[in-house]
Amino acid sequence: MKQLEVSEDELRALLVDRLAILSSSDFNTALEMARRVRLPLISVLIDRGSVPQNFLFENLARAWGVAFKDLKVSDIRQNALHAVKEEFARAHVLIPFDLMDHKLHVAMCDPRDRRLIETIQKTTGFQVTPYLATPPAILRACLLYKGDLREMMRRFGEGGAAVPSAPRSVAELPTAPELVTRILEYSMLMQASDIHIEPYELECLIRLRIDGLLHEALSLPPEAMPPLISRIKVLAGMRIDERRTPQDGRFEPEVSGIKVDLRVSSMPTHWGEKIVIRILSKEAINLNLEDLGLMSADYERTLHILLRPFGMILVTGPTGSGKSTTLYAMLSRVGAERRNIVNISTVEDPVEYTLPRVNQVSINPSAGMAFSSALRALLRQNPDIIMVGEIRDLETAEIAVRAALVGRLLLSTLHTNDATGAVPRLVDMGVEPYLLAST
């Protein structure tokens, strides 16, 4: 995928001299890492959490005299989209998103390319107004060029469900590989976090979890279920001949230029196997604490707590509320604030997002490595900051509390509906109240 190219001198002038959010030594450290791992400097600065992505792009756009567009799929107008051919848009990583008064508004990876802008103007006959946008957002918007996805989205937007009025015959459906690709593309387009493929007596229902809520996306005849499930299980490295027990798998496809990590889980039900796919985008994850939507006072309070040398921080909430994203954003920020002079380690089930210079451990219950045993072993690894994916039992809770008492900062999640439910939940588990008061 094409990356935004910004020179070392330009980034230094912006981040060190003008904005003063990085010291010269921090910038040089990032520069050395970029050369060592052979990645663009701007990617290293964002990936390491040194600079929030949107903050950097907004200030680059301001320095270049253009606007930054935080591109959403809902921003794209069909009359603007068809002004530029899909092949041209993908090749140059751009997307036209609005057309007003003979002016074509185009989100671009590099809005400084005057020759490209002139080419668009000559081809379309419209005056072009360029905007800076992130490459993953542009590539996701390019999925709208696909007619079937566009039709599915139109039905989704109008009725809240994109289910056809009547199930079609298997002969009218695309092949299983094509169907999997189309489902993944549509899920990426809608920025879904999970795909649910559910078998019933008269239909196979596909639903997407978007912003925590499940929405119906497609209804297929039940005959389409076996080849669809088999295709997904083959891709995920699961046994296709085993349909009576739950299975887990994962695979990492590239969907229209966007790298994604897919975690697959199967469960036998009355009408067949149900499949749930967790979507973890490697390009577009939001690990910026500033962009989580916290109020100003809450953000300052959170940052103040994060900079403490020890104690316990628990992120609570129901499933799909953003606990994991919040934890990763905190880890990314605390690593940047402490300039990577601390040892940060995690215990997860499984590792969802990979973070630079963070020791991440996946638990393996079949090998005797549960959260409690992994956390106990991790304490002998001289960590400064520990992240535990979830506190599920008394043993894990007790070890976590004691770790927070002896000079370590511990972050974890707890399944309660609100923050005030965390204390009684831990007490119910069996943690002593006096220990909770100290941590």
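Strand S1 (residues 67–68) runs parallel to strand S4 (residues 127–132), and the two are paired over 2 bridges. Strands and helices here are DSSP runs numbered from the N terminus, with at least two residues (E) for a strand and at least four (H or I) for a helix. Two strands pair if DSSP finds at least two bridges between them. Across from Phe68, in S4, stands Leu132. S4 also pairs in the parallel sense with strand S3 (residues 103–108), this time over 6 bridges. There, Ala107 has Tyr131 of S4 as its bridge partner. Put helix H7 (residues 114–124) into the picture, and S3, H7 and S4 make a right-handed β-α-β unit. Right-handed means that, with the strands pointing away from the viewer, the path from the first strand over the helix to the second runs clockwise.

A word on how to read all this. The model is predicted, so local features need a pLDDT of at least 70 and side-chain atom pairs count only at pLDDT 80 or more, while totals for chains, interfaces and linings use all residues. Residues are numbered from 1 along each chain as its sequence is written, and side-chain values use heavy atoms, with hydrogens and water left out.

Next comes Trp64, a residue of helix H4 (residues 53–64). Its relative accessible area is 16%, so Trp64 counts as buried. The cut-offs are under 20% relative accessible area for buried, over 50% for exposed, and partly exposed in between, using a 1.4 Å probe and protein chains only. Trp64 and Arg112 are 48 residues apart along the chain, yet 7.4 Å separates their C-alpha atoms.

Two residues have backbone angles worth a look. Most residues other than glycine have a negative phi. Asp101, which is not a glycine, has a positive phi of about 50 degrees. Asp101 sits in the loop between strand S2 (94–100) and S3, and it is exposed, at 73% relative accessible area. Asn382 is another non-glycine residue with a positive phi, near 55 degrees. The loop that holds Asn382 lies between helix H14 (371–378) and strand S15 (385–388). Asn382 is exposed too, with a relative accessible area of 59%.

On to the charges. Side chains of opposite charge can pair when their charged atoms come close. A salt bridge is counted when a side-chain nitrogen of Lys or Arg is within 4 Å of a carboxyl oxygen of Asp or Glu. Searching the whole structure turns up 17 salt bridges. One of them joins the side chains of Asp261 and Arg250, at 2.4 Å from N to O. This pair links distant parts of the chain, with Asp261 in strand S10 (residues 258–269) and Arg250 in strand S8 (residues 247–251), 11 residues apart. Asp261 is buried at 5% relative accessible area, whereas Arg250 is partly exposed at 35%.

A salt bridge also connects Asp298 and Arg301, with 2.9 Å from N to O. Both belong to helix H12 (residues 296–306), and because they are 3 residues apart there, about one helical turn separates them. Asp298 is partly exposed, at 33% relative accessibility, and Arg301 is partly exposed as well, at 48%. Then there is the salt bridge between Arg392 and Glu390, at 3.2 Å from N to O. Arg392 is partly exposed, at 41% relative accessibility, but Glu390 is buried, at 18% relative accessible area. Elsewhere, Glu8, Arg12 and Arg35 are joined into one network by salt bridges that share partners.

H12 turns up again around the second largest pocket, where H12, strand S12 (311–316), helix H13 (323–337), helix H16 (422–429) and helix H17 (433–438) each supply at least two lining residues. A pocket, on a 1 Å grid over the protein atoms alone, is an open set of points where a 1.4 Å probe fits, with protein on both sides within 12 Å along at least five of seven lines; lining residues have an atom within 4 Å of a point. This pocket holds about 750 Å³ of space, a volume filled by probe spheres set on the grid points, which are joined across faces, edges and corners. Its lining has 26 residues, with Ile305, Met312, Ile313, Leu314 and Val315 nearest the centre. S12 gives the largest share of that lining, 6 residues. Sorted by class, the lining has 16 nonpolar, 7 polar and 3 charged residues. Nonpolar covers Ala, Val, Leu, Ile, Met, Phe, Trp, Tyr, Cys and Pro, charged covers Asp, Glu, Lys and Arg, and the others, Gly among them, are polar.
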